[in-house]
Amino acid sequence: MHLTTNALVLREVNYKESDKILTLLTEQEGKLTVSARGCRKKDSPIASACQLLAWGEFTLYEFRGMWSVKETASERLFDRVRGDLERVALASYFMEVTEALAEEGQPDPGLLAVALNCLHALDKLDDVPLTQVKAAFEWRSMALAGYEPQIERCGVCLREQPQGPHIHLGEGAVHCAACRDKLGEGVSMPLTTAALAALRHIVWGPRKRLLSFRLDGEGLQKLSDASEAYLMTRLERGFRTLDFYKKITYKPSL
């Protein structure tokens, strides 16, 4: 059996002397684990596409009960991302989260589109802060995976524009600062009015305009802090790629 599909490489693991095991997010079959035999050999025709962050066309065949790569055609390698430590660290985090959210053998065009859009932003959009790309990826990917927060109105008093807006991480609900005690235990994180508007745009807006919002420094930082905490709270895990990204971007206060 053969399968030809476009795919994004989410993960690569060296195997034996010249092979790799790849995790792909494919258009047709969702997440797949595949063997790339001989891709680490010099002048291998499939080497270019068989690396983390690569997007291209893969022809796969079944071999001993596992998909294997037969042919590839690279379409985008996101070269600028690869040449910048901060960008490649953030992109690697996006791939690790995408792998965690995608289900084996289940097509997920929305999640694939968000991953590709955010990689494109890291590669080409100089006017969009990396913090903004990160927050947009986290909120939108979580919403697509079934963890969309309740952001239409305060989860307690039902006010459409919460006063002193916060988001309760465990309940996944936006609320007014004065309503905090009525939500019980757990952590609530502050937003600004502008950050809440941006969050609504990220979750509800058209895919192609995911990053078409602007926030000041305070609002963007609160949106980003909340998105990261929300993701880890809902998934109940951390990410080694995020730890590395934060390590290389940490700036101690003077």
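This passage describes aromatic pairs, salt bridges, charged surface patches and some individual residues in a predicted model.

Among the aromatic side chains, the count of ring pairs in the structure comes to 4. In one of these pairs, the ring centres of Y93 and F239 are 5.9 Å apart and the ring planes stand at 75°, so the arrangement is edge-to-face, given that planes over 60 degrees apart are placed in that class. This pair joins distant parts of the chain, since Y93 belongs to helix α2, which covers residues 85-101, while F239 sits in the loop between α6 (217-235) and α7 (240-249), and 146 residues separate the two. Both Y93 and F239 are buried. The pairing also extends beyond these two residues, as ring pairs link Y93, F94, F137 and F239 into a cluster.

Helix α2 takes part in a contact of another kind, between side chains of opposite charge. The whole structure holds 12 salt bridges, and one of them is formed by the side chains of R11 and E99, with a distance of 3.8 Å from N to O. Because R11 lies in strand β1 and E99 in helix α2, this salt bridge ties together parts of the chain that are 88 residues apart in sequence. The two partners differ in their exposure: R11 counts as partly exposed because its relative accessibility is 38%, whereas E99, with a relative accessible area of 18%, is buried, the limit for a buried residue being under 20%.

A similar contrast is found in the salt bridge between K20 and E12, in which the closest N and O atoms are 2.6 Å apart. Here K20 is the buried partner, with a relative accessible area of 11%, while E12, at 34% relative accessibility, counts as partly exposed. A further salt bridge is made by the side chains of E160 and R153, where the distance from N to O is 3.8 Å, and R153 is partly exposed, with a relative accessible area of 24%. Salt bridges also join several residues at once, for K134, E138, E228 and K246 are linked in a network of such contacts.

Charged residues also gather on the surface in patches, whose members, by the rule applied here, form no salt bridge. One patch of positive charge on the surface is made up of K16, R37, K41 and R64. Within this patch, K41 is located in the loop between β3 (30-36) and β4 (55-63), and its relative accessibility of 52% is the reason why it counts as exposed, since that class begins over 50%. K16, another member of the patch, has its place in the loop between β1 (2-15) and β2 (19-26), and it likewise counts as exposed, with a relative accessibility of 62%. A patch of negative charge on the surface is formed by E27, E57, E71 and E75. Of these residues, E71 is placed in strand β5, which runs over residues 66-76, and at 47% relative accessibility it counts as partly exposed.

The backbone angle phi draws attention to two residues in loops. Most residues other than glycine have a negative phi. K16, however, is not a glycine and yet has a positive phi of about 55°. L53, also a residue other than glycine, has a positive phi near 80°. L53 is found in the loop between β3 and β4, and, with a relative accessible area of 1%, it is buried, whereas K16, at 62% relative accessibility, counts as exposed.

Two pairs of residues illustrate how separation along the chain may be set beside separation in space. L24, which is found in strand β2 and is buried, with a relative accessible area of 0%, stands 26 residues from C50 in sequence, and the C-alpha atoms of L24 and C50 are 9.6 Å apart. P149 and R214 are 65 residues apart along the chain, and a distance of 21 Å separates their C-alpha atoms. P149 itself is found in the loop between α4 (130-147) and β6 (166-168), where it counts as buried because its relative accessibility is 3%.

Methods. Residues numbered from 1 in each chain as written. Predicted model: local features only at pLDDT ≥ 70, side-chain atom pairs only at ≥ 80, totals over all residues. Heavy atoms only, no water. Phe/Tyr/Trp six-rings, centres within 6.5 Å; stacked < 30°, edge-to-face > 60°. Helix = DSSP H or I, 4+ residues; strand = E, 2+ residues; numbered from the N terminus. Buried < 20%, exposed > 50% of the residue type's maximum accessible area, 1.4 Å probe, protein only. Patch = residues over 30% accessible without salt bridge, like charges linked within 9 Å, V, L, I, M, F, W, Y side chains within 5 Å. Areas by Shrake-Rupley, 256 points an atom, 1.4 Å probe, with all protein chains shown as cover. Salt bridge = Lys/Arg side-chain N within 4 Å of Asp/Glu carboxyl O. Lys, Arg positive; Asp, Glu negative; His and termini not counted. Charge placed at Lys NZ, Arg CZ, Asp CG, Glu CD.
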